[in-house]
Amino acid sequence: METEEHLHVIGMGSEADWEAGRGSFYYIEDKNGEKCIPVFTSPERADRFARANFDNPEAHMQLLESIGVVHAPALTSGRFIVMPLRAEGLARAAAMVEADYLVRDPRPGDQQDIMRVPK
């Protein structure tokens, strides 16, 4: 039996927030106004990305300036979770945030692994 690969996304809010319907998926709005969901091939990569961006005061302030009010309460209290998703769950997450594309294991520089979301 073949197992389907999980990718990991960052969920803003705690598990309790998600259970109460207050969680949201982390996404980035790029300079062109398009929305991107970072996806990760391991939970460790997602956690490192989140901690590097949410725990660094300068990055944290830049993040808060760019995200809008949906993510701000969860970010300011430092609550996030790493969520494993299969293709169907990832498609739902992309639809929920109206994502234009996904970027796998984001890294510094211009060379990124991007997948456009069909509309």
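Exposed, as used on this tour, means over 50% relative accessible area, and buried means under 20%. The model is a predicted one.

Start with helix 5, residues 87-97. Select E88, R92, A95 and M96: these exposed residues lie on the face of helix 5 turned away from its buried side.

Now switch to the buried residues of this helix, which are L90, A93, A94 and V97. They sit on the same side of helix 5 because they span an arc of only 100° around the axis. An α-helix has 3.6 residues a turn, so residues three or four places apart point the same way.

Next, show what these side chains meet. The buried residues of helix 5 pack against strand 1, strand 2 (24-25), strand 4, strand 5 and strand 6 (101-104).

Widen the selection to the largest nonpolar core, which has 15 residues. Those touching the most other members are V9, F25, I37, V39, L85, L90 and V97. Two or more residues each come from strand 1 (7-12), strand 4 (35-39), strand 5 (80-85) and helix 5. Helix 5 gives the largest share, four residues.

Center on I37. Leaving out residues up to four places away in sequence, I37 touches V9, Y26, Y27, A93, A94, V97, A99, Y101, L102 and V103.

A second core, separate from this one, has nine residues; select I10, M12, F40 and A46 among them.

Finally, return to the end of helix 5. Which residue just after the helix takes a positive phi? Select E98, where phi is about 55°.

How values were computed
Residues numbered from 1 in each chain as written. Predicted model: local features only at pLDDT ≥ 70, side-chain atom pairs only at ≥ 80, totals over all residues. Heavy atoms only, no water. Core = buried A, V, L, I, M, F, W, Y, C linked by side-chain atoms within 4.5 Å. Buried < 20%, exposed > 50% of the residue type's maximum accessible area, 1.4 Å probe, protein only. Contact = heavy atoms within 4.5 Å. Arc of directions from axis to C-beta.
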